[in-house]
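Here's a walk through a protein model for anyone meeting it for the first time. Keep the picture open as you read.

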Amino acid sequence: MIVPTSLTSQHTVVPLPFAAGSLDGISERMISSHHENNYGGAVKNLNRVEQELAQTTPDTPPLVVAALRERELTFRNSKTLHEAYFANLGGDGRRSGAIEAALAQAYGTTARWEQHMRATGMGLGGGSGWAIVALELDTGALRTVWSGHHTQGLATSLPLLVMDMYEHSYQMDFGAGVARYIDAFFANVNWDEVNRRLERAQRLSATLRDA
Ligand SMILES: [Fe+2]
C-alpha cells in the first residue's frame, strides 16, 4: 500500500537545542513558553489541518479548502521558521567563519549588515513577523528579508539566520522594549549553525545555477 506522505499528520516537536535557562538575557520562562506554546501549538495545528485536508472530497467547498490551505501554509512555515530560530540561538554571539566574509561582501561591512538586520527587526516591533538573512538560491546572493507574518517569504531562498519578531518572542521579558530584545538575540546567536546553513545553501545554489 502506498503511504501518502503529504497527508500523514505526524509532525513532532523538535526539542530546544540548548538548556532553556542558558541564554544570556532571555529568560528560561519566556523561551520555554515560546517553544512549548507558540512553536508547539503550530506543530499541533499543522497536524490538525493536515488531517482536515486528508478528509476533503470533490464536494468540499473551495472556500473551505482555501481556508485550510492558508492555515496549512501558516503552520508549516511557523514550524520551519521556529525550528530555524531556536537552532540559531544558544551561541556566544561572536560572528566568525564564512558568514562573516559573505556578509561583508554583501553589505560592505558586517556592521552595515547588522544595522540592516536590526532595522528590519525594529520595523516589525509591536506587530508580528520575521527578520531573516537568506541565501537566494537562483542568484547565490545574501538577502535580509522582512516577513510580515509566517506566509511572507522570499521565493527560492533558504533561511540562514532567523529572528522571530512576533511579540511572544520578547513581550514577557522586555515589554515593548524591542531594541533590547534584538540586543539579546544578537548576544545569543549561534554563528556556527549559521555557517553550516550557509555552506549547505551555497552548495545547493551552485548546483542549481550550474544545471
Ligand atoms: Fe515565535
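## Where α3 meets α7

Let's start with a helix pair in this predicted model. On the α3 side, Ala98, Ile99, Ala102 and Leu103 make the contact, and they meet Trp191, Val194, Asn195 and Leu198 of α7. Sorted by class, that contact has seven nonpolar residues, one polar residue and no charged ones.

How do the two helices lie? Helix α3 covers residues 98-107, and its axis is 8 Å from that of α7, at an angle of about 70°. Angles of 65 to 115 degrees count as roughly perpendicular, so that's the label for α3 and α7.

## A three-stranded sheet

Now for the strands. They form an open sheet of three, in the order β2-β1-β3, and the pairing is antiparallel. β2 and β3 (157-164) are the edge strands; each has a single partner strand, so one side of each has no neighbour in the sheet. From one strand to the next, the twist averages 25°.

Take the pairs one by one. β1 (residues 130-136) and β2 (residues 142-147) are joined by six bridges. Within that pairing, tryptophan 130 has serine 147 of β2 as its bridge partner, while alanine 134 sits opposite arginine 143 in β2. On the other side, seven bridges link β1 to β3, again antiparallel. There, valine 133 is partnered with leucine 161 of β3.

## The strand in the middle

Is β1 buried or exposed? Seven of its seven residues are buried, so the rest of the structure largely encloses β1. Side chains in a regular strand alternate between the two faces of the sheet. In β1, Trp130, Ile132, Ala134 and Glu136 are on one side, with Ala131, Val133 and Leu135 on the other, and both faces are covered.

Which helices lie against the sheet? Helix α2 (residues 62-87) lies across β1 and β3, and runs at about 70° to β3. Helix α7 (residues 191-210), which we met with α3, packs on the sheet too: it touches β1, β2 and β3, and its direction makes about 160° with that of β3.

## Two spots in the turns and loops

The hairpin of β1 and β2 has five residues between its strands, and glycine 140 there takes a positive phi near 80°.

Threonine 156 also has a positive phi, of about 55°, although it isn't a glycine. You'll find threonine 156 in the loop between β2 and β3. Its relative accessibility is 43%; since partly exposed means between 20% and 50%, threonine 156 falls in that class.

## Where α4 meets α6

One more helix pair to look at. Helix α4 (residues 110-122) and helix α6 (residues 178-187) pack with their axes 10 Å apart, at an angle of about 135°. The angle is over 115 but not over 145, so α4 and α6 count as oblique to each other. Their crossing is right-handed.

Who's involved? From α4 come Trp113, Glu114, Met117, Arg118, Gly121 and Met122, and from α6 come Val178, Ala179, Ile182, Asp183 and Phe186. By class, the residues of this contact are seven nonpolar, one polar and three charged.

Key:
Residues are numbered from 1 along each chain as its sequence is written. Side-chain values use heavy atoms; hydrogens and water are left out. Two strands pair if DSSP finds at least two bridges between them. Helices (H or I, at least four residues) and strands (E, at least two) are DSSP runs, numbered from the N terminus. Axes are lines fitted to C-alpha atoms, for helices over the stretch in contact, and angles run from 0 to 180 degrees between N-to-C directions. Angles under 35 degrees count as roughly parallel, over 145 as roughly antiparallel, 65 to 115 as roughly perpendicular and the rest as oblique. A crossing is left-handed if the near helix is turned anticlockwise from the far one by less than a right angle, and right-handed if clockwise. Contact means heavy atoms within 4.5 Å. Ala, Val, Leu, Ile, Met, Phe, Trp, Tyr, Cys and Pro count as nonpolar, Asp, Glu, Lys and Arg as charged, and the others, Gly among them, as polar. Buried means under 20% relative accessible area, exposed over 50%, partly exposed in between (1.4 Å probe, protein chains only).
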